[in-house]
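Work through these exercises on charged side chains. Keep the sequence and the 3D view open as you go.

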Amino acid sequence: MLETISTMFRRIMLNLTMLNSTVILLVFIIYSSVIYFYIADNLFDTIDNAMVRAITDFGDNNKGFFPSNRTLHLQNGKGKMIHSEEQRRKPPPLVDLRILVVAEDVDGRILLPEPNEKIDLEDVKKLITDIPDKIPQSIMLNDHEYRILSISYPKGDYPTVRVGKEKIIEVKKISAVTVVDSEVSMLKRLVLIIMIGTIIGFFVIIGVAYYLARRALVPIKVSWDKQQQFVTDASHELRTPIAVIKTNTELLLHNPDHTIEEESIRIATILKESTRMGKLVATLLTLARADSNQIEIERTRVDLSDILKELAEQFEPIAEMKGIKIQVALEPHMEIIGDKERIHQLFVILMDNAIRYTLQEGKIVVVGKVQHGAVHISMQDTGIGISAENLPLIFERFYRGDKSRSRDDGGSGLGLSIAKWIIEKHGGRIQVESAIGEGSQFHIYLPLEKKVFSA
Ligand code: ADP
């Protein structure tokens with residue numbers, strides 16, 4: 001079975017929510033990871049550089065351990081080069097007690113810079129043996145995190161260190177060891193904060209994404225519903241003339257011996273209904289095209305006084321038949337830039353309504369003047385009027401105050417919605433004042449030249 005519209009909208013909303021949350025969450029995770037790795041990298045970089053400096057200083061203090069022009073190139077765990085020369089440029093800190101420098105002589109004995117009973121030589125050995133050369137390492141020992149850097153020297157190029165007062169011995173390897181407990185625990189805390197942030201963020205993001213998806217779908221849902229309503233109303237409108245034509249044609253076929261004269265009423269009805277259907281289809285097409293912005297509006301100079309005068313003359317005979325008087329008071333040369341055909345259509349709709357909804361012996365007054373950069377046309381009738389509750393509905397498609405009456409008069413409930421569209425296309429607006437039994441007054445404001453053709 002086809003899914004209903006509301007389930008389809010719910011599914012789209014859930015998909016949008018999932019998609020939005022995933023994207024936001026991914027951005028959040030990538031951002032947090034970048035921050036984490038940047039901090040971790042910098043933190044250990046600083047420590048590794050301090051260890052290089054400590055090894056270098058160790059040599060300097062021990063007379064010619066490293067020739068001063070010698071540049072050490074060390075690689076850290078990620079293959080990045082650390083230049084001791086670069087480090088040398090920075091003045092060393094006054095004290096850097098956290099780094100222990102250990103030398104290993106050619107016989108594998110461990111030499112500490114000064115005797116220190118608190119240091120367990122066995123632990124030191126564990127840390128500095130079997131670690132790659134010139135690559136800083138992190139090792140866990142006795143519940144502590146250590147960072148170690150070792151440099152081995154080739155035979156024949158062994159540096160020397162002074163032991164005690166006189167003795168100078170050769171060393172093959174020098175290592176720097178430091179405790180990084182606080183750095184590691186800080187990084188662990190950072191991971192925890194990021195994880196908690198991600199979990200809380202996850203729920204917040206889902207909520208926000210759901211809200212945004214809902215909001216984004218509201219206008220689509222509204223226009224979908226309107227479209228559905230339009231199709232339903234249009235088919236409903238077309239059904240009546242089709243039924244009338246069908247019934248009358250069938251009746252004609254029942255009496256093949258009747259003359260055209262005898263059946264003239266039925267034939268006239270068929271003609272009337274098909275004309276009406278043709279008009280309706282044309283109007284529907286206009287509205288459909290207007291909705292998809294397919295209608296091009298021409299831009300020419302249009303004199304509203306000319307159009308309205310001409311229109312009043314054309315409608316006069318029809319009005320006279322109902323005993324209605326048309327009065328016109330127009331300023332000369334009320335020019336706007338617009339589409340002459342459409343403007344003409346607009347006033348035909350309004351004038352036609354004014355005559356249709358005005359009873360015998362009524363009056364229609366058309367006044368036009370230029371006011372505040374716009375042309376103001378007012379069309380007032382002494383007709384049946386519109387109730388306050390119906391007033392906001394009259395521009396809706398297919399809205400008809402009195403269904404049967406409007407249909408009998410040839411109305412389809414689409415006139416005013418087309419009129420409004422034409423006015424808005426020309427950057428103008430329309431207002432109505434009306435009272436039941438007293439009549440209605442339509443005010444149309446069209447900008448003189450600027451602000452024309454808003455979408
Ligand atoms: P219709 O084809 O029914 O005239 P419109 O869109 O032109 O369709 O008008 C919508 C409704 O607005 C009409 O059915 C009628 O109830 C009301 N209306 C429009 N113009 C007038 C008027 N001049 N006087 C009274 N009612 C009017």
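Buried means under 20% relative accessible area, exposed means over 50%, and partly exposed lies in between. The model is predicted. It holds 14 salt bridges.

**Exercise 1.** Classify arginine 356 and aspartate 352 by accessibility, then describe their contact.

Solution.
- Step 1: Arginine 356 has 13% relative accessibility, so it counts as buried.
- Step 2: Aspartate 352 has 30%, so it counts as partly exposed.
- Step 3: Their side chains form a salt bridge, at 3.2 Å from N to O.
- Step 4: Both residues lie in helix 7 (residues 340-356). They are four residues apart, about one turn of the helix.

**Exercise 2.** Is lysine 126 buried or exposed? Do the same for aspartate 123, then place the pair.

Solution.
- Step 1: Lysine 126 reaches 53% relative accessibility, therefore it counts as exposed.
- Step 2: Aspartate 123 has 18%, so it counts as buried.
- Step 3: The two form a salt bridge, with the closest N and O atoms 3.8 Å apart. A salt bridge needs these atoms within 4 Å.
- Step 4: Both lie in helix 3 (residues 121-128), three residues apart. That is about one turn of the helix.

**Exercise 3.** Which parts of the chain does the pair aspartate 48 and arginine 147 link?

Solution.
- Step 1: The side chains meet in a salt bridge, 2.8 Å from N to O.
- Step 2: Aspartate 48 sits in helix 1 (residues 5-61), and arginine 147 in strand 6 (residues 144-152).
- Step 3: They are 99 residues apart, so the pair links distant parts of the chain.
- Step 4: Both residues are buried.

Definitions and conventions. Residues numbered from 1 in each chain as written. Predicted model: local features only at pLDDT ≥ 70, side-chain atom pairs only at ≥ 80, totals over all residues. Heavy atoms only, no water. Helix = DSSP H or I, 4+ residues; strand = E, 2+ residues; numbered from the N terminus. Buried < 20%, exposed > 50% of the residue type's maximum accessible area, 1.4 Å probe, protein only.
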